[in-house]
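Work through the exercises below with the model open. Try each task before reading its solution.

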Amino acid sequence: MAMAFTFPGQGSQATGMGKDLAEAYPEARAVFDEVDEALGEKLSTVIFEGPDETLTLTANAQPALMAVSMALIRVLEARGLRIENAASYVAGHSLGEYSALCAAGMFSISDTARLLRIRGNAMQAAVPAGQGAMAAIIGLENADVEAACAEARTLGAVQIANDNGGGQLVISGLKPAVEAAAAAATTKGAKRALMLPVSAPFHSSLMQPAADAMREALAGVAKSAPVVPVISNVRAAPVSDPEEIAELLVEQVTGQVRWRETVAWFAANGVDTLAEIGAGKVLSGLARRIDRSITSLNVAGPGDIDPFLAAIDGQNA
């Protein structure tokens with residue numbers, strides 16, 4: 001079994017996530033405490049108790065999801081797992097790439113929490129509220145969605161933000177341009193074009209101020225070589241050099257999350273199992289739609305720990 005560890009992105013958060021983990025394992029509780037200390041506030045209280053509208057704020061959801069993923073990693077490590085032995089690669093969807101890099105040892109938990117708080121605040125501040133938008137385009141090829149965006153650019157910036165696979169593409173940009181591109185996609189045969197309830201046009205050129213903020217933040221943080229390569233969102237290929245990874249994280253803010261190509265790369269390079277480490281099962285669902293030959297495993301709570309370790313032990317026996 002060749003395995004990659006994957007880490008979820010924004011949208012997978014849910015109030016109460018990680019609470020049972022923190023109550024069951026001191027290693028998990030220590031992660032939430034470390035994140036609280038790094039941010040100078042009790043984010044763990046928001047994660048465990050809500051309210052939902054506070055947790056879903058970009059500046060909270062990003063470090064919160066990382067905290068849950070890393071709590072799971074620390075529990076697995078306490079049970080004897082080593083990522084460099086269990087996984088050939090790591091990858092994460094958008095903010096999940098930071099979780100992946102933290103799990104692989106490139107960043108400390110404290111630094112990752114601070115980076116994601118900066119990232120969340122900078123992304124929210126990059127575009128005034130109400131000016132940006134995102135839309136999901138279902139059932140249309142990349143070339144047709146790109147053509148729809150090109151037609152709409154007379155109204156402002158709009159581009160493909162996420163290629164999630166399974167016929168789902170997400171576009172992002174100025175609201176009038178996104179609405180026009182969504183309408184154009186419908187005329188080109190899209191099954192659905194849905195405006196998304198997001199607070200900013202993520203992964204678009206309008207996020208350049210946030211990219212600049214992340215370049216400065218990443219320049220000032222300690223970096224170690226990851227123990228396994230990361231499959232970069234913007235390149236959909238493995239990278240191991242810390243400075244190159246940091247530059248790609250800057251590009252990621254304004255660039256496309258190429259998740260369909262990431263899963264396809266795994267399948268083409270001998271990875272037959274993806275282990276989603278963190279809240280929810282979004283990435284597992286996407287993987288099934290992209291390539292049904294890949295097995296998906298989920299590690300989201302205490303009940304998943306022993307079955308996951310048993311699956312690894314069984315394959316390695």
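**Exercise 1: Backbone outliers**

Ser 94 lies in the loop between β2 (89–92) and α7. Helices (H or I, at least four residues) and strands (E, at least two) are DSSP runs, numbered from the N terminus. The model is predicted: local features need pLDDT of at least 70, side-chain atom pairs count only at pLDDT 80 or more, and totals for chains, interfaces and linings use all residues. Residues are numbered from 1 along each chain as its sequence is written, and side-chain values use heavy atoms, with hydrogens and water left out.

Task: Find the phi of Ser 94, then decide whether Ser 94 counts as buried or exposed.

Solution. Step one: phi of Ser 94 is positive, about 60°, although the residue is not a glycine. Step two: the relative accessibility of Ser 94 is 11%, so Ser 94 counts as buried (under 20% relative accessible area; exposed is over 50%, partly exposed in between; 1.4 Å probe, protein chains only).

Task: Place His 203 in the fold and give its phi.

Solution. Step one: look in the loop between β6 (192–195) and α11 (208–219). Step two: phi of His 203 is near 55°, positive in a residue other than glycine. Step three: His 203 has a relative accessible area of 4% and is buried.

Task: Which two residues does a cis peptide bond join?

Solution. Step one: the bond links Gly 50 and Pro 51, with omega about 5°. Step two: Pro 51 sits in the loop between α3 (43–49) and α4 (52–55).

**Exercise 2: Helix pairs**

Task: Describe how α13 and α14 pack.

Solution. Step one: the axes of α13 (residues 259–268) and α14 (residues 282–290) come within 10 Å and cross at roughly 70°. Axes are lines fitted to C-alpha atoms, for helices over the stretch in contact, and angles run from 0 to 180 degrees between N-to-C directions. Step two: the two helices are therefore roughly perpendicular (65 to 115 degrees). Step three: from α13, Trp 259, Arg 260, Val 263 and Ala 264 make the contact (heavy atoms within 4.5 Å) with Leu 283, Leu 286, Ala 287 and Ile 290 of α14.

Task: At what angle do the axes of α7 and α12 cross?

Solution. Step one: α7 (residues 96–103) and α12 (residues 242–254) have axes that cross at roughly 165° and come within 11 Å. Step two: α7 and α12 are therefore roughly antiparallel (over 145 degrees). Step three: Glu 97, Tyr 98 and Leu 101 in α7 meet Ile 245, Leu 249 and Gln 252 in α12.

Definitions and conventions:
Parallel < 35°, antiparallel > 145°, perpendicular 65-115°, else oblique.
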